[in-house]
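Thanks for coming, everyone. Let me put the structure on the screen, and then we will walk through it.

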Amino acid sequence: MSVSDMFIALQGVLTADQDIREEIRKVVQALEQTAREILTLLQGVHQGPGFQDIPKKCQKAREHFGTVRTQMESLKTKFPSDQYYRFHEHWRFVLQRLVFLAAFVVYLESETLVTREAVAEILGIEADRERGFHLDIEDYLSGVLTLASELARLAVNSVTAGDYCRPLRISAFINELDSGFRLLNLKNDSLRKRYDGLKYDVKKIEEVVYDLSIRGLAKEAEK
Amino acid sequence: TGLGGFRKRKHDNFPHGQRREEKENVNPSSALMTSFKSFQQELDTRHDKYERLVKLSRDITIESKRTIFLLHRFTSAPNGEEILNESEAKLDAVRRKIKQVAQELVGEDMYQFHRAVSPGLQEYIEAVSFQYFIKTRSLISVEEINKQLIFSVEDREETANMTSNSHDKQAHTWSLKVTPVDYLLGVADLTGELMRLCISSVGNGDIDTPFELSHFLRQIYDGFTFIGNTGPYEVSKKLYTLKQSLAKVENACYTLKVRGSEIPKHMLADVFSTKTELIDQEEGPS
């Protein structure tokens, strides 16, 4: 095989690769759009009247996750299933965002941390690598860390809206989450950087709880 | 930055003393904590594997570099055959390392750990293609490289080291495929070695090799320009260095042609050493 033949063959391979990436990018754009819609929907809970119809908002968000599942289904068909990590970078960001949104919905509904399996189910993907398009553990954890900062914000806003009870529950939840993350030996990567932000969320929520308790508002709420 | 990170961590451990007590409230056997414990295990396993692969990759890089140095001695030494044999033995050693990489990657998605092994593989490709060029004066293909990276169990010793798990699963063969991009980057590095070979062969009074090399390098350069920016960024970045290497070789050939008839052969080396110095200086500030 001559040198130029070799390079022609390689160029063919690279072009095919580029086509795949292009296809993936298109679907990821659609996913980003859906994720933005869900986020806008859920942002409503930070405003006064939003606290009343949290269940309704969650219901609506869950309907949007149906769209996510069909989009995921089409993403899966865009590349060979055994090359997940080859194209991982393309959907990594949006997947983390979707994990956060799913975790937020589940938290608002039941005040628990969504499990990895449950998120995978909501998004219509697998939890295990063996079974196909899956949710990478680091992406799951990143999404959960985004949830922590969102909850810090929710704690502040629920006080403004006159709900003095919620910050205490959020505080307990975040503390447990913090202990969970302490168990992990993180490398010096992006996940570790995001984890380093968790302590500020913890601190913020503790301040809210402190403000409530020195004013006796926390006890009042418990009655 | 490592020191900074350490200091920062140490620092934020202090004010936590107070919160620690509060932490006792967290039930260590709650659902959340149990799942995080399993996450810990999963992440640790993954990081350990990554570290092992990085180490293997480093070893592969070092041994490949040594092979390349050895091959550079080929032209000057009278015992060419011996050096080729020695390089073959060295490359076999490198391939044994690659076999270990392949064993680590059994059942894994190769691309998940690609960043760990890629530098070593590129260096290996450089070494193996350099040797192939010296032997056959042509470019080794990806298929040829991959063919040499199919391993089977040879000696009992290694079988014993294997975990029983992978022993059952695999039919005693492992293989590793270099990616087209790794191959391209390795070949781009090869051109740098060929340029060195060209200059040093002039030093040995070898007048034919430079012309052969300039022809070969031009073919590779044409190939890379054909690919252009279809490939990833790293490939187009190498194109610039490749152009410089080609220019050096072409200039060498030019000088040989123009002045070769005037200058006695034993002085050619001097002409080139000044010539290459000049080029190196021009590159200096960039």
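How does B:Arg137 count at 31% relative accessibility: buried, exposed or partly exposed? It counts as partly exposed, because 31% falls between the cut-offs of 20% and 50%. Keep in mind that this is a predicted model.

Stay with B:Arg137 for a moment. It sits in the loop between α5 (114-136) and α6 (142-147) of chain B. Its phi is positive, about 60°, and it is not a glycine. Why point that out? Most residues other than glycine have a negative phi.

Chain A offers a second case. A:Glu111 is not a glycine either, yet its phi is about 55°, a positive value. Look for A:Glu111 in the loop that links α3 and α4 of chain A. At 25% relative accessibility, A:Glu111 is partly exposed too.

Now chain B as a whole. It has twelve helices and two strands. What order do they come in along the sequence? The pattern reads α-α-α-α-α-α-β-α-α-β-α-α-α-α. Chain B has 286 residues, and 43% of them count as buried. Its exposed area is about 15800 Å². Carbon and sulfur atoms supply 51% of that area. Then the contacts. Take those in chain B between residues at least 6 apart in sequence: 75% of them join residues at least 24 apart.

Next, helix packing in chain B. Start with α9, residues 180-203, and α11, residues 233-259. Their axes lie 10 Å apart, at an angle of about 20°. That angle is under 35 degrees, so α9(B) is roughly parallel to α11(B). The crossing of these two helices, α9(B) and α11(B), is left-handed. On the α9(B) side, the residues that meet α11(B) include B:Leu184, B:Leu185, B:Met195 and B:Ile199. On the α11(B) side, the partners include B:Val235, B:Leu242, B:Val249 and B:Leu256.

α11(B) has another partner. Helix α10, residues 208-227 of chain B, packs on α11(B) at about 155°, with the axes 9 Å apart. Which way do the two run? The angle is over 145 degrees, so α10(B) is roughly antiparallel to α11(B). The crossing of α10(B) and α11(B) is left-handed. From α10(B), the contact residues include B:Phe211, B:Leu217, B:Tyr221 and B:Phe224. From α11(B), they include B:Val235, B:Leu242, B:Val249 and B:Leu256. You heard those four names a moment ago, among the α11(B) residues that meet α9(B).

Last topic: the nonpolar cores. The largest has 76 residues. Which members touch the most others? They are A:Phe65, A:Trp91, A:Leu98, A:Tyr140, A:Leu141 and A:Phe181. Several elements give two or more residues to this core, including α1 (3-43), α2 (54-76) and α3 (88-110) of chain A. Chain B takes part as well, through its α3 (31-72). Which element gives the most? That is α3(A), with 14 residues.

Zoom in on A:Trp91. Leaving out residues up to four places away in sequence, A:Trp91 touches A:Ile24, A:Val28, A:Leu75, A:Phe79, A:Tyr84 and A:Phe133. Apart from the largest core lies another, of 67 residues. Its members include A:Leu10, B:Phe133, B:Leu149 and B:Phe151.

That is the tour. Over to you for questions.

Terms used:
Residues numbered from 1 in each chain as written. Chains lettered and ligands numbered in written order. Predicted model: local features only at pLDDT ≥ 70, side-chain atom pairs only at ≥ 80, totals over all residues. Heavy atoms only, no water. Buried < 20%, exposed > 50% of the residue type's maximum accessible area, 1.4 Å probe, protein only. Contact = heavy atoms within 4.5 Å. Areas by Shrake-Rupley, 256 points an atom, 1.4 Å probe, with all protein chains shown as cover. Core = buried A, V, L, I, M, F, W, Y, C linked by side-chain atoms within 4.5 Å. Axes fitted to C-alpha atoms, helices over the stretch in contact; angles between N-to-C directions. Parallel < 35°, antiparallel > 145°, perpendicular 65-115°, else oblique. Left-handed = near helix turned anticlockwise from the far one by under 90°.
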